[in-house]
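Open your viewer and get ready to click around. We'll start with the whole chain and then stop at a few residues.

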Amino acid sequence: MKEQLIKKFKDIYGPYGDIRAYFAPGRVNLIGEHTDYNGGHVFPCALTMGIYGIARKRKDQKLRFYSANFGKLGITESHLNDLKPYKKAGWTNYPKGVMWAFEKMGYKIPSGLDILVWGNVPNGSGLSSSAAIEVMMGVLLKDMFGFDVSMTDIAIIGQYSENNFNGCNCGIMDQFTSAMGKKGHAIFLDTNTLQ
């Protein structure tokens with residue numbers, strides 16, 4: 001799948017530059033639904049389904065987003081100087097929210113990006129497609145710009161962006177599971193301490 005998406009990225013944005021690929025999984029919760037935003041215990045696991053991101057740095061401050069799931073929408077353009085949620089921006093509010101949150105936490109994003117996203121987590125299915133795109137974006141920013149953040153930090157930044165940029169008062173479980181999940185394992189998480 002990664003190779004197909006890189007090819008699609010080159011078809012849309014051009015074949016030049018340092019093109020990189022990223023992935024973050026969706027999640028399912030086994031026990032503890034709705035306890036994560038109250039500081040309780042949860043028992044989730046990461047899925048093989050998730051969100052892929054293909055990206056390349058730009059030399060300007062422009063942001064260009066393309067979803068292979070919503071190809072008819074074409075390229076959505078934004079700018080690093082305009083990291084604000086807009087209803088008409090649709091799904092791009094999630095990656096933009098993570099950029100906004102990184103900057104709020106003191107990590108200045110120095111250049112724009114061309115980004116292609118594709119996911120096989122069904123939207124609205126309760127499998128955390130929004131958390132997966134947030135974690136994928138956090139890993140992308142960490143790698144592209146060398147930010148010194150841990151995977152736990154990326155989960156916290158993703159939750160912060162969803163709470164404060166996208167206006168969803170979610171707990172930490174979804175982002176933490178996407179960031180910290182391991183093949184063949186579930187996570188017994190104390191959402192109060194993140195242990």
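Here is a short tour, from the overall view down to single side chains.

**Before you click**

What you have open is a predicted model, where local features need pLDDT of at least 70 and side-chain atom pairs count only at pLDDT 80 or more, while totals for chains, interfaces and linings use all residues. Residues are numbered from 1 along each chain as its sequence is written, and side-chain values use heavy atoms, with hydrogens and water left out.

**The whole protein**

Switch to a cartoon view. You'll find 5 helices and 6 strands; these are DSSP runs numbered from the N terminus, with helices being H or I of at least four residues and strands E of at least two. Going along the sequence, the order is α-β-β-β-β-α-β-α-α-α-β.

Now zoom out. Along the principal axes, the C-alpha atoms fill a box of roughly 45 × 35 × 30 Å. The radius of gyration is 16 Å, which agrees with the value near 16 Å for a compact globule of 195 residues. That radius is taken over C-alpha atoms, and the globule rule is 2.2 Å times the number of residues to the power 0.38.

Turn on the surface. About 9,500 Å² is exposed, with carbon and sulfur atoms supplying 52% of it; the area comes from the Shrake-Rupley method with a 1.4 Å probe, and for residues only the protein chains shown count as cover. Of the 195 residues, 49% count as buried, meaning under 20% relative accessible area (exposed is over 50%, partly exposed in between, with a 1.4 Å probe and protein chains only).

How much of the contact count comes from residues 24 or more positions apart? Among contacts with a separation of 6 or more, they account for 71%. A contact here means heavy atoms within 4.5 Å.

**Stop 1: Arg64**

Select Arg64, in strand β3 (residues 62–67). Is Arg64 buried or exposed? Its relative accessibility is 16%, so Arg64 counts as buried. Now add Asp114: the two are 50 residues apart in sequence, yet 4.8 Å apart in space, C-alpha to C-alpha. Beyond residues up to four places away in sequence, Arg64 touches several others, including Tyr13, Glu77 and Asp114.

**Stop 2: Thr92**

Next, pick Thr92 in the loop between β4 (76–79) and α2 (93–104). Thr92 has 1% relative accessibility and therefore counts as buried. Setting aside neighbours within four places in sequence, Thr92 is in contact with Phe65 and Thr76. Thr76 is also among the residues that Arg64 touches.

**Stop 3: Met137**

Go to helix α3 (residues 129–145) and select Met137. At 0% relative accessibility, Met137 counts as buried. Show its contacts outside four places in sequence: Pro95, Val98, Met99, Leu113 and Ile115. Leu113 and Ile115 also appear among the contacts of Arg64. For a distance check, try Tyr94, 43 residues away from Met137 in sequence and 8.7 Å away in space, C-alpha to C-alpha.

**Stop 4: the cysteines**

How many disulfides are there? Taking a disulfide as a pair of cysteine sulfur atoms within 2.5 Å, the count comes to 0. Cys45 is in none, as the nearest cysteine sulfur, that of Cys170, is 18 Å away. Cys45 is buried, at 16% relative accessibility.

Finish at Cys170, whose closest cysteine sulfur belongs to Cys168, 4.8 Å away and so too far for a bond. Cys170 is buried as well, at 13% relative accessibility.
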